[in-house]
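Here's a quick briefing for anyone meeting this chain for the first time. Have a look at the sequence and the model, then read on.

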Amino acid sequence: MGSILVRAIFLLLSSFVGYELGPQLVSHPWAAFWGMGGALLLATVVIFLEQKLRSMSPKMIVGAIIGLFLSLILANLLTYSLMLIPLANTGVSFALAVGINLIAVYLGTMLGAQKGKEFQLADYRKIFHSSLEGENAKILDTSVIIDGRIADICETGFLEGVLVVPQFILKELQQIADSSDSLKRNRGRRGLE
């Protein structure tokens with residue numbers, strides 16, 4: 001109920017501003033009513049946008065804002081460079097600039113909202129962190145591997161994450177498996193298996 005009252009006040013104030021501003025912009029007997037109608041139309045569009053923004057996710061809103069700003073920057077760079085080209089009619093150059101900005105705003109906002117919706121921060125965290133960090137990695141030692149019970153523990157599902165055996169541990173196991181002592185050799189081969 002409160003939001004309906006706020007919207008009604010916004011529409012009334014907008015129509016009043018348009019009624020007062022219309023004669024200052026256009027010299028016509030009906031200028032005040034044109035201004036009031038234009039302001040009411042603009043206020044209705046703003047209320048419609050506000051309702052649409054409520055249903056959007058925060059990621060989509062942030063993506064749309066970023067897309068809007070980037071597209072406006074690119075559009076203004078483009079229109080500035082086009083304004084350096086002399087045209088016969090300044091109205092044509094102004095219309096061209098407005099058209100480019102409108103197209104850029106539309107594309108930037110829509111693409112930014114879509115990309116914001118698809119954005120997953122976890123995907124970008126992997127770039128800056130080790131791939132093993134997020135996987136709860138466990139580094140195995142030679143004595144754990146030789147013991148042999150680690151394979152049984154893994155099969156029960158008690159350990160979660162990734163088990164990592166570094167290259168130097170594998171080399172050490174190979175040296176133990178190649179040992180002249182038969183007890184060490186058997187334990188090393190069991191560890192390698």
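Take the contacts in the chain between residues at least 6 apart in sequence: 62% of them join residues at least 24 apart. Keep in mind that this is a predicted model. Two spots get most of the attention below: a nonpolar core that draws on helices H6 and H8, and a nonpolar surface patch that draws on H1 and H2.

**The overall layout**

- The chain's secondary structure adds up to 9 helices and 2 strands.
- If you walk along the sequence, you meet them in the pattern α-α-α-α-α-β-α-α-β-α-α.
- The chain has 193 residues, and 21% of them count as buried.
- Its accessible surface is about 14700 Å², and carbon and sulfur atoms account for 69% of that.

**The nonpolar core**

- Which residues make up the largest nonpolar core? There are 7 of them: Leu-140, Ile-145, Ile-146, Ile-150, Ile-169, Leu-173 and Ile-176.
- Helix H6 (142-147) and helix H8 (167-177) are the elements that give two or more residues to this core.
- H8 supplies the largest share of the core, with 3 residues.
- Ile-176, one of the core residues, is in contact with Thr-142, Ile-146, Lys-184, Arg-185 and Gly-188, once its neighbours within four places in sequence are set aside.

**Gly-188, a buried glycine**

- You'll find Gly-188 in helix H9, which covers residues 182-192.
- Is Gly-188 buried or exposed? Its relative accessible area is 0%, so Gly-188 is buried, the cut-off being under 20%.
- Skipping residues up to four places away in sequence, Gly-188 touches Leu-173, Ile-176 and Ala-177.
- Two of those partners, Leu-173 and Ile-176, also belong to the nonpolar core.
- Gly-188 and Gln-174 are 14 residues apart along the chain, and their C-alpha atoms are separated by 6.8 Å.

**The aromatic cluster**

- How many aromatic pairs turn up in a search of the whole structure? The search finds 2.
- One of them joins Tyr-19 and Phe-33 in an edge-to-face arrangement, with 5.7 Å centre to centre and 75° between the planes.
- This pair links distant parts of the chain: Tyr-19 is in helix H1 (residues 2-25) and Phe-33 is in helix H2 (residues 31-55), 14 residues apart.
- Trp-30 and Phe-33 make up a tilted pair, again described by 5.7 Å centre to centre, with 50° between the planes.
- Put together, Tyr-19, Trp-30 and Phe-33 form one aromatic cluster.

**How open the aromatic residues are**

- Tyr-19 has a relative accessibility of 33%, so it counts as partly exposed.
- Phe-33 also counts as partly exposed, because its relative accessibility is 42%.
- Why does Trp-30 count as exposed? Its relative accessibility is 52%, and exposed means over 50%.

**The nonpolar surface patch**

- Phe-16, Val-17, Tyr-19, Leu-21, Leu-25, Val-26, Trp-30, Phe-33 and Trp-34 form a nonpolar patch on the surface.
- Together, these residues have about 970 Å² of accessible area.
- H1 and H2 are the elements that give two or more residues to the patch, and H1 brings the largest share, 5 residues.
- The patch includes Tyr-19, Trp-30 and Phe-33, the members of the aromatic cluster.

Methods: Residues are numbered from 1 along each chain as its sequence is written. This is a predicted model: local features need pLDDT of at least 70, side-chain atom pairs count only at pLDDT 80 or more; totals for chains, interfaces and linings use all residues. Side-chain values use heavy atoms; hydrogens and water are left out. A nonpolar core is a set of buried Ala, Val, Leu, Ile, Met, Phe, Trp, Tyr and Cys residues joined through side-chain atoms within 4.5 Å. Buried means under 20% relative accessible area, exposed over 50%, partly exposed in between (1.4 Å probe, protein chains only). Helices (H or I, at least four residues) and strands (E, at least two) are DSSP runs, numbered from the N terminus. Contact means heavy atoms within 4.5 Å. Rings of Phe, Tyr and Trp (its six-membered ring) pair if their centres lie within 6.5 Å; planes under 30 degrees apart count as stacked, over 60 as edge-to-face and the rest as tilted. Accessible areas come from the Shrake-Rupley method with a 1.4 Å probe; for residues, only the protein chains shown count as cover. Patches are made of residues with over 30% relative accessible area and no salt bridge: like charges are joined within 9 Å, nonpolar side chains (Val, Leu, Ile, Met, Phe, Trp, Tyr) within 5 Å. A salt bridge is a side-chain nitrogen of Lys or Arg within 4 Å of a carboxyl oxygen of Asp or Glu.
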